[in-house]
Amino acid sequence: ETMQVTLPGATYPKNEMIDGVWKRLEPQLASLPGVKTAALFSGLPPVRPPNMNDTDIEGFVRRENGPIQNIDYYQIVSKDYFSTMGIRVMEGRVFDDRDIENGPTTVIVNQTMARTFWPNEEAIGRHIRPSNGPNSPWCTVIGVVEDVKNAGIDRPAGTEIYLPYRQVYGAGQNPMYVAFKTQSGDPERLVSSVRQQIRNIDPQLPISQIKLMDDVISEAQSRPRFLTLLLSIFSGVALAIATIGIYGVISFAVARRTKEFGLRMVLGAQRGDVLGLVMKQGLWLTLVGVGAGLLAAFGLTRLMASLLFGVTATDPLTFASVTAILAAVALFACYIPARRATRVDPIQMMRYE
């Protein structure tokens, strides 16, 4: 379950006052009966605005066509954020009671951040200075976590850093999201208890966007799901039209050769010979058509790439299955009229023609 808590600026004008609320709220949420873990954080994935903050990275050397010192997402979090949201730690550690006001300033990065700025190198122990001026302290990278979608589930993860709200770079963060994971049962039953804990701190605090995380993800999937459905419908219609068109054209072309088949059989050709001839010619036409179609399809994949999620525009399975269907239809369209023509008596066929 997630919700957003906003501290009014008139009531909480200073960072110290804002931080005091979060410091009181965090342990109270974690101690509620039925709550397994609880966390505070600044941005709700998988759809949130980018920060695009300039960030000093120690030892960074700008390369042509390489990355710049700008981070897509800043996330201010409490120590239990990663366990609450189910984000795996790939290297190092997460925040704990060492990452407080008077402790060494620390930061956690995601895998994309580590790959972007330290490819094939160790990220742990590196130093980052968020966008707070040249006199601000450097943060030591203490952990690398798996990527989290922030720009939408159909978009790349982007670079992201995590900062503890109890240290200088997280000070005064407002508003904050609250998330909690239950030990068992329906998390919505605990919403009233969480609300009460917030009201105990300040009855006037606005609480909004109360949602299950499943609902948040479902809403984020609505646009790509609609585009996928639309694309599937048009693709299905296009495949049906192509199938009907190929069958109609090829079967008509083969049927028009009925007189030729009869003449061949009168001159001594066997039914199997005629049928084999038609199938070979049909196979050749099919190969030419499939080849031309594949070249055109590969040339247009860039137009479709933005509408696809979880599959590449040149997905081999998709291309293979569509090619197999169209090839089978073409060969079937050759076989049926040719088989029908070869089963008719050639003398009667010639007399009729």
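Reader: In this predicted model, in which strand does T182 lie, and is the residue buried or exposed?
Author: T182 belongs to the strand that spans residues 176–182, namely β12. Its relative accessible area is 13%. Buried means under 20%, so T182 in β12 is buried.

Reader: Which residues does T182 touch, leaving out those up to four places away in sequence?
Author: Residues up to four places away in sequence are set aside here. The contacts of T182 are then G34, V35, K36, P187 and L190.

Reader: Where do the buried residues of helix α6 lie around its axis?
Author: Helix α6 covers residues 258–266, and T258, F261, G262 and M265 are buried in it. They cover an arc of only 100 degrees around the axis, which means that they lie on the same side of α6.

Reader: What phi does G268 take just after α6?
Author: G268 comes just after α6. Its phi is positive, at about 115 degrees.

Reader: How many aromatic pairs does a search of the whole structure find, and which geometry does the pair of F82 and Y162 have?
Author: The search of the whole structure gives eight aromatic pairs. In the pair of F82 and Y162, the centres are 5.0 Å apart and the planes are at 65 degrees. Planes over 60 degrees apart count as edge-to-face, so the pair of F82 and Y162 is edge-to-face.

Reader: Which elements does this pair of F82 and Y162 link, and are the two residues buried or exposed?
Author: F82 lies in helix α2 (residues 81–85) and Y162 in strand β11 (residues 160–164), so the pair links parts of the chain 80 residues apart. The relative accessibility is 2% for F82 and 0% for Y162. Both F82 in α2 and Y162 in β11 therefore count as buried.

Reader: Which residues form one aromatic cluster with F82 and Y162?
Author: F82 and Y162 belong to one aromatic cluster. Its other members are F41, Y81, F95 and Y177.

Reader: Which residues of strand β6 point one way, and which the other way?
Author: In a regular strand, side chains alternate between the two faces of the sheet. Five of the five residues of β6 (residues 73–77) are buried. Y73, Q75 and V77 point one way, and the other way point Y74 and I76.

Reader: In which sense do β6 and β11 pair, and what is the bridge partner of V77?
Author: Strands β6 and β11 pair over five bridges, in the parallel sense. The bridge partner of V77 in β11 is P164.

Reader: At what angle do the axes of helices α1 and α4 cross, and which residues of α4 meet α1?
Author: The axes of α1 (residues 15–30) and α4 (residues 191–201) come within 10 Å and cross at roughly 150 degrees. The crossing is right-handed. V21, R24, L25, Q28 and L29 in α1 meet V194, Q197, I198, N200 and I201 in α4.

Reader: Is T159 buried or exposed, and which residues does T159 touch?
Author: T159 is found in the loop between β10 and β11. Its relative accessibility is 6%, so T159 counts as buried. Leaving out residues up to four places away in sequence, T159 touches N70, I71, D72, Y73, N110, T112, M113, T116 and F117.

Reader: What separation do the C-alpha atoms of M3 and K211 have?
Author: M3 lies in strand β1 (residues 2–5) and counts as buried at 0% relative accessibility. Beyond its neighbours within four places in sequence, M3 is in contact with residues including I207, S208, Q209 and I210. M3 and K211 are 208 residues apart along the chain, and their C-alpha atoms are separated by 6.4 Å.

How values were computed: Residues are numbered from 1 along each chain as its sequence is written. This is a predicted model: local features need pLDDT of at least 70, side-chain atom pairs count only at pLDDT 80 or more; totals for chains, interfaces and linings use all residues. Side-chain values use heavy atoms; hydrogens and water are left out. Helices (H or I, at least four residues) and strands (E, at least two) are DSSP runs, numbered from the N terminus. Buried means under 20% relative accessible area, exposed over 50%, partly exposed in between (1.4 Å probe, protein chains only). Contact means heavy atoms within 4.5 Å. The arc is that of the directions from the helix axis to the C-beta atoms. Rings of Phe, Tyr and Trp (its six-membered ring) pair if their centres lie within 6.5 Å; planes under 30 degrees apart count as stacked, over 60 as edge-to-face and the rest as tilted. Two strands pair if DSSP finds at least two bridges between them. Axes are lines fitted to C-alpha atoms, for helices over the stretch in contact, and angles run from 0 to 180 degrees between N-to-C directions. A crossing is left-handed if the near helix is turned anticlockwise from the far one by less than a right angle, and right-handed if clockwise.
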